[in-house]
Amino acid sequence: MTADQLPDDEASASTSGNTSPGATTTGATTTGGVLPAPARSASRAWDNVRHLVTDGHLADTRRMPRLPVLTADGYTVHRYEPTVAPDASLAPLLLVPPLGAPDFAFDLRRGASLVEDLLASGREVYIVTYEASGRAADRRGLELWVDEILPAALYAVSDHHEGTAVHLAGWSLGGLFTLLCAASGVSGAPIRSVTALASPVDVSAVPLVAPFRSVAEYTGGRIFSTAYRTLGSFPATAVKWAFQLTSVERYLTKPVTLLTHLDDRELLEQIEAVDLLMANMTAYPGRAFGQIYHHVVRSNDLAEDDLRLAGRPVRLADVRVPVLLVAGADDVIAPVAAVERATDLLTASPDLRFVVRPGGHLGVLAGRRARENSWRDLEQFLVAHDGD
């Protein structure tokens with residue numbers, strides 16, 4: 001369980017706001033048919049337990065329907081089916097998930113789905129997904145995502161909209177992919193804007209990776225290189241452990257949290273949905289993980305604006321489209337300083353925005369407070385550049 005699963009502080013409700021007309025309240029007893037607060041809480045807890053036992057779940061984790069519009073070697077571009085009539089004045093948006101995490105992080109559960117929220121506004125939404133395992137995937141490097149997969153996905157979406165430029169939005173490593181794709185410029189892909197949510201540019205500002213950087217410096221990177229070359233990938237189990245290590249204390253206290261919040265259905269649904277996400281973590285392809293380890297973690301090339309892909313420099317200073325950077329205030333995987341570093345490098349962006357919002361690494365994307373915070377930032381930013 002992450003920090004984003006813990007209940008928000010709630011102000012106690014006033015007595016008048018919880019009492020029906022004609023009812024009176026005296027201590028713990030009421031008249032007029034209104035239950036006292038402890039009884040209401042117990043009733044809600046019983047309903048939640050009953051539904052969990054009879055249905056086997058509380059959260060509605062059905063995914064928003066989508067259909068493929070492009071299927072290629074190792075990746076697929078999907079179009080989410082509109083839930084309202086599409087608004088032709090809103091440019092299409094392509095979502096980019098990271099390696100390691102399932103793409104339904106953007107569609108975590110009904111009521112806490114960024115995809116669902118965007119579709120309700122009339123915007124057409126697409127997502128690119130990719131195979132994370134197999135020999136072909138293990139040999140794929142970052143340049144494939146930056147110069148081939150994302151550009152092909154962008155052209156596929158653009159072709160469905162009479163050649164219009166497309167908004168890009170990525171979470172975590174997916175956000176770095178969007179920035180690097182815009183910086184590369186090799187494909188001339190039709191990018192309208194870029195949004196990177198919880199994407200760490202400066203890993204020296206990430207305390208979590210400090211021990212790995214020290215080991216890499218001492219060994220010249222040989223230990224980790226040998227491991228991922230032998231395994232062919234960074235295993236899914238290790239990816240899951242890495243996420244869980246960011247909130248060990250909350251995982252240990254999870255049973256207590258569940259028992260003491262049985263009356264909070266939204267919290268229980270969020271915990272259930274996040275558990276499902278964690279159970280579906282995938283492996284990092286071997287070559288891509290190696291590049292991330294050596295160029296991002298070990299050498300911090302991205303923060304130094306010295307990253308090279310396929311033998312050529314890819315610099316954030318070459319991003320010439322509007323950019324929105326969103327950092328989670330409680331994110332230990334991509335701390336605020338690690339995300340903010342990009343503001344020093346994106347010197348050619350005509351509209352560069354940086355915001356810090358409540359939540360951790362997943363919470364800033366799919367937490368219970370994301371709707372009023374990062375989702376609104378994203379939607380306002382997209383609208384501001386729909387007419388570009």
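## A first look at the sheet and its helices

Ala-169 stands opposite Thr-195 in strand E8, and that pairing is a handy way into this predicted model. Six bridges join strand E7 to E8, and the two run parallel. The chain as a whole holds 16 helices and 14 strands. Of its 388 residues, 51% count as buried. Among contacts in the chain with a separation of 6 or more, residues 24 or more positions apart account for 80%.

**From E7 to E8**

- To get from E7 to E8, the chain passes through helix H5, and this β-α-β crossover is right-handed.
- E7 covers residues 166–171, H5 covers residues 173–184, and E8 covers residues 191–197.
- E8 is mostly covered, with seven of its seven residues buried.

**The sheet as a whole**

- Eight strands make up an open sheet, and following them across gives the order E3-E4-E6-E5-E7-E8-E13-E14, with mixed pairing.
- E3 (66–72) and E14 stand at the edges with a single partner strand each, so one side of each has no neighbour in the sheet.
- On average, neighbouring strands of this sheet are turned by 20 degrees against each other, direction ignored.
- Helix H16 (residues 374–384) packs on the sheet, where it touches E5 (93–96), E7, E8, E13 and E14.
- The direction of H16 makes about 165 degrees with that of E8.

**Strand E13 and its two partners**

- How many of the six residues of E13 (residues 323–328) are buried? Six of the six are, and the strand is described as mostly covered.
- Val-323, Leu-325 and Ala-327 point one way from E13, while Leu-324, Val-326 and Gly-328 point the other way, and all are buried.
- Toward E8, four bridges join the two strands, which run parallel.
- Two pairs illustrate the match between E8 and E13: Leu-197 stands opposite Val-326, and Ala-196 stands opposite Leu-325.
- Toward E14 (residues 352–357), E13 is joined by six bridges, and these strands also run parallel.
- Leu-325 has Phe-354 as its bridge partner in E14, whereas the partner of Leu-324 in that strand is Arg-353.
- Leu-325 therefore links the two pairings, because it stands opposite Ala-196 of E8 and has its E14 bridge partner in Phe-354, with strands pairing as DSSP bridges define.

**Where H4 meets H5**

- At what angle do helix H4 (residues 142–159) and helix H5 pack? The angle is about 85 degrees, and the axes are 9 Å apart.
- That angle makes H4 roughly perpendicular to H5.
- On the H4 side, the contact involves Leu-142, Trp-145, Val-146, Asp-147, Leu-150, Pro-151 and Leu-154.
- On the H5 side, the residues are Phe-177, Thr-178, Leu-180, Cys-181 and Ser-184.
- The residues of this contact divide into nine nonpolar, two polar and one charged.
- H5 is thus a helix to look at twice: H5 packs against H4, and the chain also passes through H5 on the way from E7 to E8.

Methods
Residues numbered from 1 in each chain as written. Predicted model: local features only at pLDDT ≥ 70, side-chain atom pairs only at ≥ 80, totals over all residues. Heavy atoms only, no water. Axes fitted to C-alpha atoms, helices over the stretch in contact; angles between N-to-C directions. Parallel < 35°, antiparallel > 145°, perpendicular 65-115°, else oblique. Contact = heavy atoms within 4.5 Å. Nonpolar A, V, L, I, M, F, W, Y, C, P; charged D, E, K, R; others polar. Buried < 20%, exposed > 50% of the residue type's maximum accessible area, 1.4 Å probe, protein only. Right-handed = clockwise from strand over helix to strand, strands pointing away.
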